[in-house]
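Got the model loaded and a selection box ready? Let's walk through it stop by stop.

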Amino acid sequence: MNLPLRRLGVEPNAWTVNQAIADITRPPKTPQTVILPTETKTLHLDLAKTAIVIIDMQNDFCHPDGWLAHIGVDVTPARQPIAPLNSLLRELRAVDVPVIWLNWGNRPDLLNISAGLLHVYNPTGEGVGLGDPLPSNGAKVLMAGSWAAAVVDGLQQLPEDICVDKYRMSGFWDTPLDSILRNLGRTTLLFGGVNADQCVMSTLCDANFLGYDCILVKDCTATTSPEYCWLATLYNVKQCFGFVTDSEAILKVLSS
């Protein structure tokens with residue numbers, strides 16, 4: 001008698017098993033090959049192996065009542081990716097490209113945050129740093145589950161999207177991001193979010209070191225740092241770590 005096979009795992013990293021058989025062949029996903037122009041080369045890429053990672057588009061970094069604004073940073077540049085991201089995410093979801101929200105969200109007890117890291121964000125010990133309540137609304141700075149760590153108004157998370165908390169500038173440090181991407185079979189990563197020269201760049205560099213193909217989506221990325229930081233980021237991505245394009249180029253490809 002042939003026993004039924006049951007699936008274990010998440011496609012495409014899934015087996016089918018029963019009491020006698022483990023089928024570990026992992027049938028491949030149907031390729032969705034597109035041709036995407038970038039600032040250095042024309043890419044042939046597979047949408048079936050692509051995901052978009054959106055970094056730190058959250059209230060503490062992008063909202064006028066958030067933490068950066070509280071410490072005197074003009075967050076206007078950090079809000080610029082909202083409109084192009086909305087347009088791009090709608091079309092990427094339509095072709096089943098996973099949307100991954102990578103937000104800084106610390107443990108409430110800060111047990112995985114060192115004194116050196118706390119010092120970066122509160123150098124005198126007298127200011128409002130990681131885990132401290134914002135005077136305007138009491139939300140705890142960069143705390144998982146708080147208003148501070150939530151995606152900023154204007155961007156919509158859908159139930160099928162994937163959310164990952166991070167605790168350092170790189171979203172791969174001590175998080176499940178790499179495991180999630182490998183289970184999904186996604187090897188090409190689009191990057192957007194803030195700040196381009198800090199958390200976006202750190203995450204993109206680590207992705208490159210781990211063997212992912214990296215594409216920075218320029219108009220879906222921004223920084224509140226000086227202009228030379230932005231220019232250096234673009235230079236380094238193109239020179240060392242991947243490719244640079246914009247949402248218009250991606251949308252044109254998807255529409256065709």
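Helices (H or I, at least four residues) and strands (E, at least two) are DSSP runs, numbered from the N terminus. This is a predicted model, where local features need pLDDT of at least 70 and side-chain atom pairs count only at pLDDT 80 or more, while totals for chains, interfaces and linings use all residues. Residues are numbered from 1 along each chain as its sequence is written, and side-chain values use heavy atoms, with hydrogens and water left out.

**Stop one: Lys49**

Select Lys49, in the loop between strand E5 (42–46) and strand E6 (50–55). Its relative accessibility is 43%, so Lys49 counts as partly exposed; the scale here calls a residue buried under 20% relative accessible area, exposed over 50%, and partly exposed in between (1.4 Å probe, protein chains only). Now show what Lys49 touches: leaving out residues up to four places away in sequence, you get Gly185, Arg186, Thr187 and Thr188. Contact here means heavy atoms within 4.5 Å. Add Asp96 too: 47 residues separate Lys49 and Asp96 in sequence, and their C-alpha atoms are 10 Å apart in space.

**Stop two: a helix pair**

Next, pick helix H4 (residues 82–94) and helix H9 (residues 247–255), which pack at an angle of about 25° with their axes 10 Å apart. Those axes are lines fitted to C-alpha atoms, for helices over the stretch in contact, and the angles run from 0 to 180 degrees between N-to-C directions. That angle makes H4 roughly parallel to H9, since angles under 35 degrees count as roughly parallel, over 145 as roughly antiparallel, 65 to 115 as roughly perpendicular and the rest as oblique.

Which residues make the contact? On H4, light up Pro84, Ser87, Leu88, Glu91 and Leu92; on H9, Ser247, Ile250, Leu251 and Leu254. Colour this contact by type and you'll find six nonpolar, two polar and one charged. For that split, Ala, Val, Leu, Ile, Met, Phe, Trp, Tyr, Cys and Pro count as nonpolar, Asp, Glu, Lys and Arg as charged, and the others, Gly among them, as polar.

**Stop three: the cysteines**

How many disulfides does the structure hold? Zero, with a disulfide being a pair of cysteine sulfur atoms within 2.5 Å. Try Cys62: its nearest cysteine sulfur belongs to Cys199 and is 11 Å away. Cys62 has 0% relative accessibility, so it counts as buried. Then jump to Cys240, also in no disulfide, where the nearest cysteine sulfur, that of Cys205, is 8.2 Å away. Cys240 is partly exposed, at a relative accessible area of 46%.

**Stop four: backbone oddities**

Check omega between Glu11 and Pro12: a cis peptide bond joins them, at about 5°. Pro12 sits in the loop between strand E1 (6–10) and strand E2 (13–17). Another cis peptide bond links Val194 and Asn195, with omega about -20°; look for Asn195 in the loop between strand E9 (188–193) and helix H7 (196–209).

Now for phi. Leu142 has a phi near 50°, a positive value in a residue other than glycine. Find Leu142 in the loop between helix H5 (115–121) and strand E8 (162–166). Is Leu142 buried or exposed? Buried, with a relative accessible area of 0%.

Last selection: Asp174, in the loop between E8 and helix H6 (177–184). Phi of Asp174 is near 60°, again positive in a residue other than glycine, and Asp174 is exposed, with a relative accessible area of 56%.
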